[in-house]
Structure formats: structure tokens, C-alpha cells
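Got the viewer open? Here is a short walk through one model, with a suggestion at each stop for what to select.

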Amino acid sequence: MPVVRCPDCDAMIELPAGVRSGDFIECPDCAGHALRVRGEGDAWVATLAHRVSCPDCDEVITLPELTRPGDTVSCCGQTYRLTFEFGAFAAEKL
């Protein structure tokens, strides 16, 4: 079974059957961390998939890979600006 290393805690995680490049998995050792997995040749790599909660409805939004502070996201018919502090993104009302 293929495995991938968590980029945050270094744990080795077995990938579920049928996983495809670009899929998301959870790290069982990191509370709430989603990992974006990608096949590279015969190996698998994982990157942290940042998430934010909508300030209005608490829906969890998984951010695109190249998201930067100052970018915007939409939910509930509203647009929110992203901030980044203490290693995590947050969505703030404009």
C-alpha cells in the first residue's frame, strides 16, 4: 500500500485504495489537517491544504494551493479577505 509523509508532523500515512493525484486526505495525528496528495513518478508527496471557516455559516472552505494573504474567497453570497497569522488562514468580512 502506498504511503505519504505528513509535511507537518512527519508521520507516515497509508493512502486509501483508489486515491488519485490531487485528492485530499486527513492526517490522523494532526487535528483537522487536510493534506493534498500528488503522485510524482512512483512516489507520493503531500502538501498542507489550508482551510478556513466561513465567518457567517461556519462552512469549512479548502483553499486553492497558491492562496496568499489578501486573496478573497466567497461563501453565503459574501466575499471575505484572507489573512494569515500563526500558521493559519482566516477569512474576514470586507
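Before the first click, one definition: two strands count as paired if DSSP finds at least two bridges between them. Keep in mind too that this is a predicted model.

**Stop 1: the sheet.** Select 72-75, which is β8, and 78-85, which is β9. These two strands run antiparallel and are joined by four bridges. For a look at one spot along that pairing, show Ser 74, which stands opposite Thr 79 in β9. Now add 88-93, which is β10. You have an open sheet of three strands, in the order β8-β9-β10 and with antiparallel pairing. Which strands stand at the edges? They are β8 and β10; each has a single partner strand, so one side of each is left without a neighbour in the sheet. Going from one strand to the next, the twist averages 40 degrees.

**Stop 2: the loops.** Click Cys 76, in the loop between β8 and β9. Its phi is near 55 degrees, a positive value in a residue other than glycine. Cys 76 is partly exposed, at 46% relative accessible area. Then move to the loop between β9 and β10, where you will find Phe 86. Phe 86 is not a glycine either, yet it has a positive phi of about 55 degrees. Is Phe 86 buried or exposed? With 84% relative accessibility, it counts as exposed.

**Stop 3: two rings.** Show the side chains of Phe 84 and Phe 89. The structure holds one aromatic pair, and Phe 84 and Phe 89 form it, edge-to-face, with 4.7 Å centre to centre and 65 degrees between the planes. Phe 84 is partly exposed, with a relative accessible area of 38%, while Phe 89 is buried at 10%.

**Stop 4: the cysteines.** Select Cys 30 and Cys 9. Why is there no bond here? A disulfide needs two cysteine sulfur atoms within 2.5 Å, and the sulfur of Cys 30 is 3.6 Å from the closest cysteine sulfur, in Cys 9, so the two are too far apart for a bond. Next, select Cys 54: it is in no disulfide, and the nearest cysteine sulfur, that of Cys 76, is 3.7 Å away. By the 2.5 Å rule, the count comes to zero disulfides. Switch on a surface to finish: Cys 30 is buried, with a relative accessible area of 9%, and Cys 54 is buried as well, at 2%.

How values were computed. Residues are numbered from 1 along each chain as its sequence is written. This is a predicted model: local features need pLDDT of at least 70, side-chain atom pairs count only at pLDDT 80 or more; totals for chains, interfaces and linings use all residues. Side-chain values use heavy atoms; hydrogens and water are left out. Buried means under 20% relative accessible area, exposed over 50%, partly exposed in between (1.4 Å probe, protein chains only). Rings of Phe, Tyr and Trp (its six-membered ring) pair if their centres lie within 6.5 Å; planes under 30 degrees apart count as stacked, over 60 as edge-to-face and the rest as tilted. Axes are lines fitted to C-alpha atoms, for helices over the stretch in contact, and angles run from 0 to 180 degrees between N-to-C directions.
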